[in-house]
Structures are given as C-alpha cells and as structure tokens.
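Thank you all for coming. Please have a look at the sequence and the model before I start, and keep them in view while I talk.

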Amino acid sequence: MELKQFQNSCLNENNDLVVQKYLVDGPVYFFETYYPNTDEEFNFKKDLSDSLNVHLRDIVIVGSSKLGFSIKPDKTELRLYQYKEFDFNYKNNVESKKSDLDVAIVSNSLFDSQLLNVYNHTLSYTIETYSYYKKKMFAFYILKGWLRPDYLPGKYSITPEINDVQKKYKGKYSRSVNIGIYKSWHFFETYHRNNIHTIQLNLLANG
C-alpha cells in the first residue's frame, strides 16, 4: 500500500474505518513482499495461535510489517511522524537491525490469565527483582487494556510454546517477533484510533 493512499484516508475517512480497513483487515506487507502466493502467513499465525491457545482470528499483525511503513510518532516529538519504510535502517546499513515483526493478540481470556499468572509469579508484585519502573510501566499499559511483554518481570514466560515459536521465526526471518496482548477489540481499536486522529491533525497542520 502506498503511503499517500493511507494519508489520504486519514484525512478523508472516519478514523474507525481507517483502523478497520488498514490495521485490522487488509494485506500484510511483510508476507506479500517476502512470501507472496504461499501459506506462510497462515502457518505463522497458526503456530502463534496454537502456542497461546487462542483463535487464529485473535491474531493481528501490526506496525510497519503490516503497512510497509511505520506510523509510530517520533520518540522525542510525539507529533512528528517520519513514516519510515519497513527495514529502513537495515536497507541503509546492513549492519543495522532489521525491522521487527509486531503482533497483537486480542484475547480477553489470555489477558486475564496472564495477569493472574504475573500476580502469582511476583508474589503479589512484592519481589524485589521486579523493578519499580517496570511495575509502573506494566500497570500503565494494563490500564489501557494492553499487556506488554517488555515490561514483564525477569524470568517470567507467557508460555514455553510461544518462546519456541518466537525463536523459530526469528531464525527463519532474521528478525525479532514481538507480541502484545490486548484485553479486547475496544482497547486495541481505541489505541490505534487515537493514533490515527493524531496523524490526521499532523497532516492538517503541515498541509
């Protein structure tokens, strides 16, 4: 998909529609580009769904691997969008890291079971090895209905099977496979809808 087409949709279409058309539905850039006319995307999602015991439809590929370009705001200036193409850093310097493959898992049951497991694993969040910063960020995103594995305590594993799947595809694709778990579609779509709204304002301000 062309960046210009996406930007035009952000300007002229309902934010909910943009989220559903481009982020929930629509083709996945990574698989269309590197594995066209194969079952690779299905096999990838099937392995993920089996390893987490969720439905195949609960899995959504997001980020630049979905669109072919990033729609994350700049880290220091949240109103600035650079729309870096997938593998931008690697294409400009082969010693750079390739873009990650980011995956959202939208599952109420998985979200709730992981919260209980983390609670028990950390002895009600009292273990000293779980840093204050990580607990603070973990709680911040939980309130947004989003469990981020990068803020989980050390030595905690969502499932042994998902670790194996991530390792398998990291070796195959030569890139990291990251997952985030959302409690419901409401939280997933609201997060992305808010981002689309910010992109829209940014496009309007910059003509």
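Let me begin with helix 10, residues 185-205, where helices, here and later, are DSSP runs of H or I with at least four residues, strands are runs of E with at least two, and both are numbered from the N terminus. At 1.5 Å a residue, with the expected span taken as 1.5 Å times one less than the number of residues, the 21 residues of helix 10 should span 30 Å, and this agrees with its end C-alpha atoms, which are 30 Å apart. I should say at once that this is a predicted model, in which local features need pLDDT of at least 70 and side-chain atom pairs count only at pLDDT 80 or more, while totals for chains, interfaces and linings use all residues. Residues are numbered from 1 along each chain as its sequence is written, and side-chain values use heavy atoms, with hydrogens and water left out.

Which residues of helix 10 are buried? If buried means under 20% relative accessible area, exposed over 50% and partly exposed in between, with a 1.4 Å probe and protein chains only, then the buried residues of helix 10 include Phe188, His192, Ile196, Ile199 and Leu203. Among the elements that cover the buried residues of helix 10 are helix 1 (3-12), helix 2 (15-24) and strand 4 (177-182).

Let me stay with helix 1 for a moment. Two packed helices are described by the angle between their axes and the distance between the axes; the axes are lines fitted to C-alpha atoms, for helices over the stretch in contact, and the angles run from 0 to 180 degrees between N-to-C directions. Helix 1 and helix 10 pack at about 95°, with their axes 9 Å apart. That makes the two helices, helix 1 and helix 10, roughly perpendicular, on a scale where angles under 35 degrees count as roughly parallel, over 145 as roughly antiparallel, 65 to 115 as roughly perpendicular and the rest as oblique. With contact meaning heavy atoms within 4.5 Å, Phe6, Gln7, Cys10 and Leu11 in helix 1 meet Ile196, Ile199, Gln200, Leu203 and Leu204 in helix 10.

How, then, are helix 4 and helix 9 arranged? Helix 4 (residues 40-52) and helix 9 (residues 160-173) pack at an angle of about 155°, and their axes are 8 Å apart, so helix 4 and helix 9 are roughly antiparallel to each other. In this contact, residues of helix 4 including Phe44, Asp47 and Leu48 meet residues of helix 9, among them Val165, Lys168 and Tyr169.

Next come two loop residues. Most residues other than glycine have a negative phi. Asn53, however, is not a glycine and has a positive phi of about 60°; it sits in the loop between helix 4 and strand 1, and at 70% relative accessibility Asn53 counts as exposed. Leu123 also has a positive phi, near 55°, and is found in the loop between helix 7 (108-121) and helix 8 (132-142), where, at 55% relative accessibility, Leu123 counts as exposed.

Finally, is Ser64 buried or exposed? Ser64, in helix 5 (residues 64-67), counts as buried at 14% relative accessibility, and, not counting residues up to four places away in sequence, it touches Tyr29, Phe69, Ser70, Phe86 and Ser99.
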